[in-house]
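Got your viewer open? Let's walk through this one a selection at a time.

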Amino acid sequence: MGLGGCIILIAAGAILTFATDWDMQGVNLDLVGVIFMIVGLIGVATFSSIAKRRRAVIAPPTTTVIDDQHHRNTTGYSDGYGG
């Protein structure tokens, strides 16, 4: 059940509890509405906790830059001019 289904359960429960005055023999519609709202709230909490785990932020890979400041002379001279 997704987030939309949970919200529909909450709305239907609120309508049954607060907006109707129907009487059915053997069924307490106020209690059914409260149960719908509780199940909807549990569903929203579960859905949001699962969605939070899916949105885990992963740090981007870092690049390593090697700066070779000490160049190697192949001629044996330290400054390139014989000195």
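Start by selecting L31: it is partly exposed, with a relative accessible area of 47% (buried means under 20%, exposed over 50%, partly exposed in between, with a 1.4 Å probe and protein chains only). A word on what you're looking at: this is a predicted model, where local features need pLDDT of at least 70 and side-chain atom pairs count only at pLDDT 80 or more, while totals for chains, interfaces and linings use all residues. Residues are numbered from 1 along each chain as its sequence is written, and side-chain values use heavy atoms, leaving out hydrogens and water.

L31 sits in helix α2 (residues 29–54); helices here are DSSP runs of H or I, at least four residues, and strands are runs of E, at least two, numbered from the N terminus.

Now add I35, F36 and V39 to L31: together they form a nonpolar patch on the surface, with about 320 Å² of accessible area. Patch members have over 30% relative accessible area and no salt bridge (a Lys or Arg side-chain nitrogen within 4 Å of an Asp or Glu carboxyl oxygen), and nonpolar side chains are joined within 5 Å, like charges within 9 Å. Areas come from the Shrake-Rupley method with a 1.4 Å probe; for residues, only the protein chains shown count as cover.

Next stop, α1: pick out C6, L9, G13, L16 and T17, its buried residues. They fall within an arc of 95° seen down the axis of α1, so they line one face of the helix; the arc uses directions from the helix axis to the C-beta atoms. Then colour I8, F18 and A19, exposed residues on the face turned away from the buried side of α1.

Finally, zoom out: the protein has 2 helices and 0 strands.
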